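I opened the model and went through it one topic at a time. These are my notes, in the order in which I looked things up.

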Amino acid sequence: MNRLFGSAPKGPKPTLNSAIGNLDGRIGGFDVKIASLNAELGTYQGKMAKMRDGPGKNALKQKALKVLQRRKQYEAQRDQLQSQVWNMEQAQTMQDNLAGVMTTVDAMKTTQKELRKQYGKVDLDKIERMQDEMADLMDVGNEIQETLSRGYEVPDDVDEAELDAELEMLGAEMEMEGGGLEGAGGVPDFLRDEVPEFIDEPPETTGKVQEAAR
């Protein structure tokens, strides 16, 4: 028969959102009917409040009972539909959460692939060699700074004890030189045998000076 008459076109599959929308529309229809029955019950109640007991009032009461039964049926059906809507909304929430989880997982997978590509381009050996070269350059720089900041007058390897010994030795030599000056008539040792070129004659002795004074 499908070859003769063809098959009916297939429409899109229903979704939870569309099913919830349909049920909400039906629930709204029940709400309208229940509101109409409540208004009808209110009319009957108003009339019966003004009537005395009798056949007429009993007849209105029977009508009101039928309206009340119909309203209870509508309310029961509406409650069932609301329960279905609630269940589908919970399922929709779970579906949305699952979709969010899947999106997160896909994003993480994509990020993982990109990280692998990027890290695959990194050569750890080159980085270590570069770090070693940087450390060597830092050492060379420190040596250059130490060399440039080295003093020219005082050697670096002279300590305080050696300096004190040198000072004591110089003091002893100065005392010895002072004694030699007094014993040689005030003439230093290095000038005893030598006479400066600008002096024509050597200085007279102390005895000759005294005789001249007489």
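I count two residues as in contact when heavy atoms lie within 4.5 Å. With that cut-off, I looked at contacts in the protein between residues at least 6 apart in sequence, and 67% of them join residues at least 24 apart. I note here that the model is predicted.

**Overall make-up**

I listed the secondary structure and got 6 helices and 0 strands. Read along the sequence, the pattern is α-α-α-α-α-α. The protein has 214 residues, and I found 9% of them buried. For the accessible surface I got about 19100 Å², with 55% belonging to carbon and sulfur atoms.

**Helix 2**

I checked the length of helix 2, which covers residues 16-50. Its 35 residues should span 51 Å at 1.5 Å a residue, and the end C-alpha atoms are 51 Å apart, so the two values agree. I then looked up which residues of helix 2 are buried: Ile-20, Leu-23, Ile-27, Phe-30, Ile-34, Leu-37, Leu-41, Tyr-44 and Met-48. What do these buried residues pack against? I found that they pack against helix 3.

**Helix 3**

Helix 3 runs over residues 55-120. I made the length check here too: at 1.5 Å a residue, its 66 residues should span 98 Å, and the end C-alpha atoms are 97 Å apart, which agrees. As buried residues of helix 3 I noted Lys-57, Leu-60, Ala-64, Val-67, Tyr-74, Leu-81, Val-85, Met-88 and Gln-92. The buried residues of helix 3 pack against helix 2.

I looked at two polar entries in that list separately.

Is Lys-57 buried or exposed? Its relative accessibility is 18%, and the cut-off for buried is under 20%, so I entered Lys-57 as buried. Leaving out residues up to four places away in sequence, Lys-57 touches Met-48, Met-51 and Arg-52. Met-48 is itself among the buried residues of helix 2.

Gln-92 also lies in helix 3. I entered Gln-92 as buried because its relative accessible area is 11%. With the same exclusion of residues up to four places away in sequence, I found that Gln-92 touches Leu-16 and Asn-17.

**The annotated region**

I looked up the UniProt record, an unreviewed entry, which places a "coiled-coil region" at residues 57-91. In the model this span is 100% helix and 0% strand. Its end C-alpha atoms lie 51 Å apart.

**Nonpolar surface patch**

I then searched the surface and found a nonpolar patch of about 820 Å². Its members are Leu-115, Tyr-119, Val-122, Leu-124, Ile-127, Met-130, Met-134 and Leu-137. Which helices each supply at least two of its residues? I noted helix 3 and helix 4, the latter covering 124-148. The largest share, 5 residues, comes from helix 4.

One of the patch members, Val-122, is found in the loop between helix 3 and helix 4. Its relative accessibility is 41%, and partly exposed runs between 20% and 50%, so I entered Val-122 as partly exposed.

Technical notes. Residues numbered from 1 in each chain as written. Predicted model: local features only at pLDDT ≥ 70, side-chain atom pairs only at ≥ 80, totals over all residues. Heavy atoms only, no water. Helix = DSSP H or I, 4+ residues; strand = E, 2+ residues; numbered from the N terminus. Buried < 20%, exposed > 50% of the residue type's maximum accessible area, 1.4 Å probe, protein only. Patch = residues over 30% accessible without salt bridge, like charges linked within 9 Å, V, L, I, M, F, W, Y side chains within 5 Å. Areas by Shrake-Rupley, 256 points an atom, 1.4 Å probe, with all protein chains shown as cover. Salt bridge = Lys/Arg side-chain N within 4 Å of Asp/Glu carboxyl O. UniProt positions renumbered as here; feature names shortened; annotations may be inferred. Expected span 1.5 Å × (residues − 1).
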